[in-house]
Amino acid sequence: MLRKDFIKLSSLGFLGFYSCGIFNVKNRDKTLAIQLYTVRDAIAEDLEKTLERLSKMGFTGLEIYGYNGTFFR
């Protein structure tokens, strides 16, 4: 690939990202989320305490993956 072609394609890519609003960081809601599978061992011991700790760490969003009624046991 020629350097000129690379610069053209990169510019078009950045223009596409900008038009989609991906680079609009100032107006974006700042939420920090975690997938509960990553803390499955702690959840198995004490769900409520784990959720409180995650909240204190700043996590405001949760994603439950593979929930079958027993939280990853």
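Q: Is L15 buried or exposed in this predicted model?
A: The model considered here is a predicted one. L15 has a relative accessibility of 53%. A residue counts as exposed when this value is over 50%. Because 53% meets that condition, L15 is classed as exposed.

Q: In which helix is the place of L15?
A: L15 is exposed, at 53% relative accessibility. The helix that holds L15 covers residues 3-20. That helix is α1.

Q: What is the area of the nonpolar surface patch that includes L15?
A: L15 belongs to a nonpolar patch on the surface. The other residues that make this patch are M1, F6, I7, L9 and L12. Together with L15, these residues form a patch of about 700 Å².

Q: Which residues does M1 touch, not counting residues up to four places away in sequence?
A: M1 is placed in the segment before α1, and M1 is also one of the residues of the nonpolar patch. With a relative accessible area of 76%, M1 is exposed. Once residues up to four places away in sequence are set aside, the residues touched by M1 are F6 and L9.

Q: What pattern does the protein chain follow along the sequence?
A: The protein chain contains three helices and two strands. When these elements are read along the sequence, the pattern is α-β-α-α-β.

Q: What percentage of the residues in the protein chain is buried?
A: The protein chain has 73 residues. A residue counts as buried when its relative accessible area is under 20%. Buried residues make up a share of the chain equal to 12%.

Q: What percentage of the area exposed by the protein chain is supplied by carbon and sulfur atoms?
A: The area that the protein chain exposes is about 6,600 Å². Carbon and sulfur atoms supply a part of this area, namely 57%.

Q: Is T50 buried or exposed?
A: T50 is found in helix α3, which covers residues 47-57. The relative accessibility of T50 is 9%. Because the limit for a buried residue is under 20%, a value of 9% makes T50 buried.

Q: Which residues is T50 in contact with, leaving aside its neighbours within four places in sequence?
A: T50 lies in helix α3 and is buried. With neighbours within four places in sequence left aside, T50 is in contact with V39, A42 and I43.

Q: Which helices each supply at least two residues of the negative patch?
A: The negative surface patch is formed by D41, E45, D46, E48 and E52. One of these residues, D46, lies in the loop between α2 and α3 and is partly exposed at 35% relative accessibility. The helices that each supply at least two residues of the patch are α2 (40-45) and α3.

Q: What is the separation of T31 and T60 in space, C-alpha to C-alpha?
A: T31 is found in the loop between α1 and β1 (33-35), and T31 is exposed at 60% relative accessibility. Along the sequence, T31 and T60 are 29 residues apart. In space, C-alpha to C-alpha, the two are apart by 6.0 Å.

Q: By what distance are the C-alpha atoms of L36 and L62 separated?
A: L36 lies in the loop between β1 and α2. With a relative accessible area of 3%, L36 is buried. L36 and L62 are 26 residues apart along the chain, and their C-alpha atoms are separated by 6.7 Å.

Q: Among contacts between residues at least 6 apart in sequence, what percentage joins residues at least 24 apart?
A: Contact here means heavy atoms within 4.5 Å. Among contacts in the protein chain between residues at least 6 apart in sequence, the share that joins residues at least 24 apart is 57%.

How values were computed:
Residues numbered from 1 in each chain as written. Predicted model: local features only at pLDDT ≥ 70, side-chain atom pairs only at ≥ 80, totals over all residues. Heavy atoms only, no water. Patch = residues over 30% accessible without salt bridge, like charges linked within 9 Å, V, L, I, M, F, W, Y side chains within 5 Å. Areas by Shrake-Rupley, 256 points an atom, 1.4 Å probe, with all protein chains shown as cover. Salt bridge = Lys/Arg side-chain N within 4 Å of Asp/Glu carboxyl O. Helix = DSSP H or I, 4+ residues; strand = E, 2+ residues; numbered from the N terminus. Buried < 20%, exposed > 50% of the residue type's maximum accessible area, 1.4 Å probe, protein only. Lys, Arg positive; Asp, Glu negative; His and termini not counted. Charge placed at Lys NZ, Arg CZ, Asp CG, Glu CD.
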